[in-house]
Every structure is written in structure tokens, then in C-alpha cells.
Amino acid sequence: MQRVLTVTHSPQALEPVLQAVRSLGFDPELADKVTRPAGISCSGSKAESACGSCCAPAAVTSGELQAQQLTADGVRTSIRIRQMDCPVEEGMIRKKLDGMSAVKELDFNLMQRVLTVVHAPGTLEPVLAAIRSLGFEPELSDSSGRHAATEEKKNPWWPLALAGVAAAAAEAMHWTGMPEWLEAVLALAAVGACGLSTYKKGWIALRNGNLNINALMSIAVTGALALGQWPEAAMVMVLFTIAELIEAKSLDRARNAIGSLMTLTPETATIQQPDGSWTVADARSVPLDSVVRVKPGERIALDGRVVRGRTSINQAPITGESLPIEKGEGDPVFAGTVNGSGGFEYRVTAAAGNTTLARIIHAVEEAQGAKASSQRFVDRFAQVYTPVVFAIAVAVAILPPLMAGESWHEWVYKALVMLVIACPCALVISTPVTIVSGLTAAARRGILIKGGIYLEEGRKLKWLALDKTGTLTHGKPVQTDVIIYTWVAEDEGRRLAASLAGYSDHPVSQAVTAALEGSQRYDVERFEALPGRGVRGVINDRTYSLGNLRLAEETSSCPETVRATLRELESAGKTVILLCDSHQVLGLFAVADTVKESSREAVSQLHGLDVRTLMLTGDNSSTAQAIAVQVGIDEARGNQLPEDKLRAIETLTAQGTTGMVGDGINDAPALARADIGFAMGAMGTDTAIETADVALMDDDLRKIPAFVRLSKQTYSILVQNIVMAIGIKAIFLALTIAGMGTMWMAVFADVGASLLVVANGLRLLRK
Ligand SMILES: Nc1ncnc2c1ncn2[C@@H]1O[C@H](COP(=O)(O)OP(=O)(O)OP(=O)(O)O)[C@@H](O)[C@H]1O
Ligand SMILES: [Cu+]
């Protein structure tokens, strides 16, 4: 999609790789930071150890560094090959490079037109030479380092215009009955003016034993000329060239959609110098911990934390939510978001290639690499489609004249028309263009989907499991009731609770800590957090615990009067923790959390999409029930330990596609086990962006029904595209065999179908 090829090759082997790509007629450029942020490539787990060394070899220039990465198997190089966007071309390159011993691994991204090669150190040049020998021009990064910025090489328009005029003139000669030699001259001129590059590419493909669209067109046009179909041959070549141009343009739109997210960040930032003065610097070179000043209305260049000033910021570029968010000292700000009316200063926490926005873009680009199942189907289909149609065409050309004495002229012509139909371009491009549009549309709304596969699976969602705290509720409970029993002094009870709770960052503990702000604290020894239960520690040589009933029952006895109070508070939707020593319950602390309005809406939207909802919470059953009623959830289960949540998900996945949303650590196993794991509030948290299947940038649950709807739309467009691509070809194949198809009709069918599927796929971007 981004036309990037990643090559793993040995150190200093870049140049041969480039040459090989060039030899294929491509123009390789080393990918730049935007496409593959160096910081991110290095943060991947596999690359961790290589990270230091990837920057070590002195012989590698900085430009190459961006596209090259040392791995365990060799060097990984991304090579951009502009002319590569058909699986036929992929096949050609694969065949050529697979035969080279230096090449360990190949990874094609046709949408980006990037080949990633893992090769032995020092073997880049032969690889590039091999690619070039196929008539491609492999590109590594250019000095400016920007892919998107490098414009396509502009071909002058006049030869095409001339060809068009000549072809039209030939057609006119034909109808007005002028001498045939005039027709022939004009037609040859037209083909010569616009068709040379097609012939050249076609010839290279043929020589390497491949049939790409160029080879097919070259044979068809040559055949038509040989048959004396002068005007038609000329028209076909002109139409084909025009159509290819249009197709390239519209595909570029899809490719650039992701890149356009990146243009959201300003190129420069105003940074503070050691002497306190302010200077404007290139955003890419701003070191960590610099202080950056932002004017009202300005876009923020880097991620950081506010150190001075107050403002409100529109974070829509990241969260898709355009309501301004209030920010003050200590609050995080993100690259690409737009400052409101206040000026402020922030301290940089992430370099340009490592900002949340850069990570999002990187993740979307990676996501295209993970092929969706529809794409695998299409690729397999295309692999057999072309040879089969070609074989049929040969049979059509030879058999009827030989066996039935039919006219050679008529049947060879039919065969030539079929060659034009044999190109699978439309079909092959239909899936990636749709998926990429869907992924980008989602990213714009603050939904980061980590693979085409999840976009495709989302529509099948049968169950969505949600945890309660922080997901359905605000996650910021406040204390509502305190009961200290008479057998302990009121002050002492509060002080013990505050001391224990102060050590925990669990929301329930934090609510208690906040409410008991004023009380003095004891030192706690041997503090323990007991997941799903509470906390325990030793104060003045006595063990105390603070947690739910489960924990209280484990440590001391719990009389019926206490249980009755507990039940009463819980049925009001409150969460109660008990303070106990090793004999008895000393006090009760009740906290209440509020349900997010957006959660209620999200749940009802999900039900409208036929997704059933299930709350899995560590909190007790009565509280769970009370909250479930408030939110309108189908089913609620309380007292769930992490392993219970995991088991619940396992049972559900057996019944159908199951998603799980969570935030806490106690959800991690269940999230991983679910078919689609959603992480909330991913903005600014690296782990959520990296580990979840789908990351919601803020904590608005309505993004999940939005995701399901997008998935449904994407799927229906995928199906439309596949049906359209195959259908159009089938119709023209039938017409041709019936003797009604002409060659220019076939060109329309081929390129028209490509244009249709691309336009249809791009519709998602507009949603
Ligand atoms: N550190 C803690 N301090 C106080 N209470 C705790 C602590 N850890 C757990 N608890 C108690 O145990 C219960 C279950 O905790 P757990 O963290 O599993 O779920 P939760 O955060 O309440 O809900 P959810 O699973 O919906 O996120 C809590 O409701 C609380 O009563
Ligand atoms: Cu094609």
C-alpha cells in the first residue's frame, strides 16, 4: 500500500539490493522514518537486542539506516518498487529472489509497493541487481527521507495526446474507406507513441516467464496489428495507457490516506534554549525533555506533559472525539492534536518518530501486512486465474480453426480479446484497497485496528464481555459510607484503613485514601496486594487486611450483622471493603462508582447490532447486578477472579466470535484469549497500542459498536468488489466466446473493473 519492501540483508549489503530492484525497472528509495519510525522498529521485542547494533556499523549511511535493520537472520531492508502492484509482478520478483542464496525472507506489500527482504550482510547489491534485471527500479531511501513527498516521475502528456489523435484518425480512415496503408501508419504511430513502456515491461515479464498485464496487452496489441486490425490495436493501446494513469491516481489516494494522518503534525516546534530564549527547530530533531511552547490555536508537534499554563485541547486527530479536553500542569498532550485558546509549555516525552500518532500510523501500516482471509482467497484465485484464461485463449485460437476449419482470423482475434480479460488486477487490488480504507477510516475515529483480520471478523461478534470498573463506570469511585465497629476506636479504624489503602493504586483503595486524606498513617510492613481480593499488611506487629468479603472470610470471622449491612450497601450498587484484623471485622468502607452515559448508549447500540453483552467483574454479585441494570447489560457475573474471566471467555468463544474489553491487569489473560481483545484509553499507553487487537484511543465504549458497523460495511464492500471483479470478467469472457466481444471492450472491462473496485473501496474513507 505504501509501496515499501522490507529487506533483511547483511550489513553493507544494501547497494546490491537496490541495484537488483533497479534492474527490475523499479526506482527504490530507502523508507524514511515516517513509514517505519526507527524508534519503533527498535522497540519491537525481537529487535530489542539488535537495537543497539543497528545503529553501530559506521559504514552504513544514515539514509540507509532508516530502511535497514539488523535482525538475527541478517539485514532487513525495505525497498520501494513503484512499478510493483500486481501479484504477477510479485511472482516475478519472488521467483528471481528466492533463487538467491543470500536472500532469507521476502515480504511483499503490494498496496504499499514495498518489498521487505531479509538477506545476508553485504548482499544487498546483488538483490537489487536481480530486481533491476526484471525491469523494476528498486528504491531505498532518498536523502530527504520522505516517501510520500517524492512525486511519481512525471511522464510528459503529449505523446499520449498525440497517440490519441493518431488512433482517432486511424479509426476515421477506416470508416471513410481511405487506403489501408494510411490506417496502418497512423496506428503504428499511436502504438509507438504511448505503448513503448508497456512493451518494454511486457517483454521483461515474458522473458522471466510471467504474464503480467503488460505482457498480455503487448501480445494482444501485436496480435491485432498482425491481423490488420489497425485502428482497434491503436485504440486499445491508448485506452489502456489512459486507464492505467487513472488507476494509478486513484490508488495513490488510498495509499496517501494514512500518510495524511502524519501531515497533522507540524514540521517545527518552538523550543527553549539553555539560556531561556525560544527558537524554532525542526520537530524531528527536538531532543527528549526539551521544553516546547505552544501558541493558542497551534497544532502540537510532539508528545509531552504540560509544565506551565492551562488550556483546552482538541484531541480529535487521535481519539476521533472533537470535544476539547481541559489540560493543566502535569497532563499529557499529544502530537497532532490542536491547542485551544490558552498558551502553554510542555516537556517532550517522545521523539518525533515515537509519538502516539506515529505509533498509530505505524500500527495501521503493519495491519495491512496481516492479510485478511478474503485477501488470501483472492491471491490464490488470481494465481490460477491468469494461467487458466491464458490456456483457454490458446485453445480458442488453435482448436476451432484446426478441428472445425473455422476462420483463423476470427478465432485468433477472440483469443487476443481473452488475453486482455486474463489480467487479475481488479480482483487483486479490490481487497487491500478496501481493507486499507477501512483501517484508515477507523484510525481517524480513534479506533486502532491491528490487522485486516479483525476488521473482517468484527462483524461476526456474537458476545462482548466487559469488565466493570473503568470500562462501564468512570473508574473513579468515591467513598459513600464508613462504619467503624465499637470494638475499635473510630480514629484508629480510619487510620488503619488509610494506611493500608495508601499503598494500593486499586480504584477502591484510592477512593478510601482520598476520603481519609486527613488521617495520620502508620507504617505498613510486609504489604501485599491480593489480586481480586484486597490488600494486607502488618502494622505494629499485627496483621490487618482491607478487602472484599472473600478476603475477610479468609482472615477472620464475619458475623451475620456485618453481612446484613454489607448486603444492604451492595444492593444499592456500592462496593464494600472490610477492614479486619486476624479475629474480627473492624469496619466497613463503601464506595460508589458512577456509570458512564456513553456506556449505556454503547450497550444499547451493541444490542441493536445483535451483539450480546456480559459483564465480568471482580466486584461482588449484588453490586455487579445493580450496575448491570443501570447500564442495560444482558448478563452480569460478579466475584470473578482473573482465571474465572478467562474461563468465561473460553466458553463463549466456543459459541461464536467473542470480544472482550478491559483495562486492568487482571483482564490480560481474558483479553488475550478473546477473538478480539479491545483495550480502552490507549492514548499515551504503549502497551495497550502494542498488545490489543483493537485499541480504542479514549475510553468511550461507543467506539465498539462503531467498529462493528465499520466491519460490516467493509465486509459488504469486499463482497461487492470481489463479485464485481469476477463478474465483469465472466460477462466479457462469455461475450467474447459468443463472438460479441471486441478488444477495446475488454480493455474497458479490465481497467474499468479496477477503477470501480478502487472507487468502491475508497467509499469507506468518506464514511
Ligand atoms: N487493592 C485493593 N484495595 C481494595 N480493595 C480491593 C483491592 N483489590 C481488590 N479489591 C476488592 O476486590 C474486588 C475485586 O477486585 P478486582 O480488581 O478483581 O475487580 P474490580 O476492579 O472491582 O472490577 P473489574 O473486574 O470490573 O475491573 C474489588 O471490588 C474490591 O472490593
Ligand atoms: Cu489488469
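The legends below describe close-up views of a predicted model of a protein chain with a bound ligand.

**View 1. The protein chain is divided into four stretches named as domains.** Domain 1 covers residues 75-140 and domain 2 covers residues 268-354. Domain 3 is written in two pieces, 435-473 and 595-711, while domain 4 takes up residues 474-594.

**View 2. Domain 2 and domain 3 meet at an interface that buries about 560 Å² between them.** The C-alpha centres of these two domains lie 31 Å apart, and at the interface 7 residues of domain 2 are in contact with 10 residues of domain 3. Of the area buried between domain 2 and domain 3, 61% is on carbon and sulfur atoms. On the side of domain 2, Ile318, Thr319 and Phe334 together supply 67% of the area that this domain buries against domain 3, which is more than any other three residues supply.

**View 3. The interface of domain 2 and domain 3 can also be described by its polar and charged features.** Between the two domains the count of salt bridges is 0, and 1 residue pair is found in polar contact across the interface. Sorted by class, the side of domain 2 that touches domain 3 has 3 nonpolar residues, 3 polar residues and 1 charged residue.

**View 4. Ligand 1 has 18 residues around it.** Among these residues, Lys468, Ser504, His506, Ser509 and Lys645 come nearest to the ligand. A polar side-chain atom of His506 lies 2.8 Å from an oxygen atom of ligand 1. For Thr617, an N or O atom in the side chain is 2.9 Å from an oxygen atom of ligand 1, and for Asp619 the corresponding distance is 3.3 Å. Taken alone, ligand 1 exposes 600 Å², and the protein buries 95% of that area.

Conventions:
Residues numbered from 1 in each chain as written. Chains lettered and ligands numbered in written order. Predicted model: local features only at pLDDT ≥ 70, side-chain atom pairs only at ≥ 80, totals over all residues. Heavy atoms only, no water. Domains from an automatic or database assignment. Contact = heavy atoms within 4.5 Å. Buried area = accessible area lost by both parts, 1.4 Å probe. Salt bridge = Lys/Arg side-chain N within 4 Å of Asp/Glu carboxyl O. Polar contact = N/O pair within 3.5 Å; in protein donor to acceptor, adjacent residues only side chain to side chain. Nonpolar A, V, L, I, M, F, W, Y, C, P; charged D, E, K, R; others polar. Near = heavy atom within 4 Å. Areas by Shrake-Rupley, 256 points an atom, 1.4 Å probe, with all protein chains shown as cover.
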